[in-house]
Amino acid sequence: MSIIAENLDKVRLQLADSARHCQRQPEEITLLAVSKTRPAEDIRAAYAVGQCDFGENYLQEALEKIHQLHDLNICWHFIGPLQSNKTRPVAEHFHWLHTVDRLKIGQRLSKQRPEGMPPLNICIQVNISDEASKAGCNPEELPELVSALSGLPNIRVRGLMAIPKATDDSNEQAAAFKRMNSLLLELQAAHPQLDTLSMGMSGDMQPAIEQGSTIVRIGTAIFGARPARPA
Ligand SMILES: *Cc1c(COP(=O)(O)O)cnc(C)c1O
């Protein structure tokens, strides 16, 4: 068995354990394999053992891999920051975008989504730890943003995404995930179709699942440590 297949086995077991631990069904939680910086062969190795959802952060790199792997039935998620002048390739080649933080991005995506493709699934990124350096909208902006985005024809607002501030304090970590869960609940009153919380990475999958995550984004635990990315 390849190391990637072994790692995937372990992560699936951890995911199932974490789910059962809080009386959830493992099937409610999608494992998104974050393959940024990894070659297409690594994605093939994971796909060969049943992994279908892959997440990429860097547009040019992602487009090359999508091209190299067009023979596979992969569900592609874009999870990196996106400038508004780079929306077209995302609208044309991806199934999900996790990092929408303003209306303009959504408007462009809806306009650029090719005819015949299903609506692009989007999550709104929330700056949940209120970090000056972090992407994402403020929680107070959510109700208006969700309402406006929901009116666009070729995107489908699915829920919220966050990357909480890195911390060793497990209470602080859980509190950030819990706030995300409350924000989604509040929005669901007016938007019952929202069904997604994209949160939890290799280091904090369990607390994210305990607070209702429905998509965990796991890179290192599946593919190993990433090489430092040149600036
Ligand atoms: C890189 C990345 C991940 C995966 O992080 P790991 O710690 O390697 O699991 C998840 N989400 C986002 C947005 C990322 O950029």
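How many residues surround the ligand, and which are the closest? The legends below, which describe a predicted model, begin with this point.

**View 1. The shell of residues around the ligand.** The ligand is surrounded by 13 residues, and the closest of them are Lys36, Asn57, Ser202, Thr220 and Arg226. Sorted by class, this shell consists of six nonpolar, four polar and three charged residues.

**View 2. Polar side-chain atoms beside oxygen atoms of the ligand.** In the side chain of Thr220, an N or O atom is 2.5 Å from an oxygen atom of the ligand. Asn57 has a polar side-chain atom lying 2.7 Å from a ligand oxygen atom, and for a polar side-chain atom of Arg226 the distance to an oxygen atom of the ligand is 2.8 Å. The ligand would expose 390 Å² if taken alone, and 89% of that area is buried by the protein.

**View 3. The largest nonpolar core.** This core has 60 residues, among which Leu97, Leu109 and Leu160 touch the most other members. The element that gives the most to this core is helix 7, spanning residues 170-190, which supplies six residues. In soluble globular proteins, nonpolar side chains tend to be buried together.

**View 4. The surroundings of Leu109.** When its neighbours within four places in sequence are left aside, Leu109 is in contact with Thr87, Val90, Ala91, Leu97, Val100, Leu120, Ile122 and Ile155. Another core, made of eight residues that include Val34, Cys75, Cys123 and Ile215, lies apart from the largest nonpolar core.

Definitions and conventions: Residues are numbered from 1 along each chain as its sequence is written. This is a predicted model: local features need pLDDT of at least 70, side-chain atom pairs count only at pLDDT 80 or more; totals for chains, interfaces and linings use all residues. Side-chain values use heavy atoms; hydrogens and water are left out. A nonpolar core is a set of buried Ala, Val, Leu, Ile, Met, Phe, Trp, Tyr and Cys residues joined through side-chain atoms within 4.5 Å. Buried means under 20% relative accessible area, exposed over 50%, partly exposed in between (1.4 Å probe, protein chains only). Helices (H or I, at least four residues) and strands (E, at least two) are DSSP runs, numbered from the N terminus. Contact means heavy atoms within 4.5 Å. A residue is near a molecule or strand if one of its heavy atoms lies within 4 Å of it. A polar contact is a pair of N or O atoms within 3.5 Å; within protein, one must be able to donate a hydrogen and the other to accept it, and residues adjacent in sequence count only if both atoms are side-chain atoms. Accessible areas come from the Shrake-Rupley method with a 1.4 Å probe; for residues, only the protein chains shown count as cover. Ala, Val, Leu, Ile, Met, Phe, Trp, Tyr, Cys and Pro count as nonpolar, Asp, Glu, Lys and Arg as charged, and the others, Gly among them, as polar.
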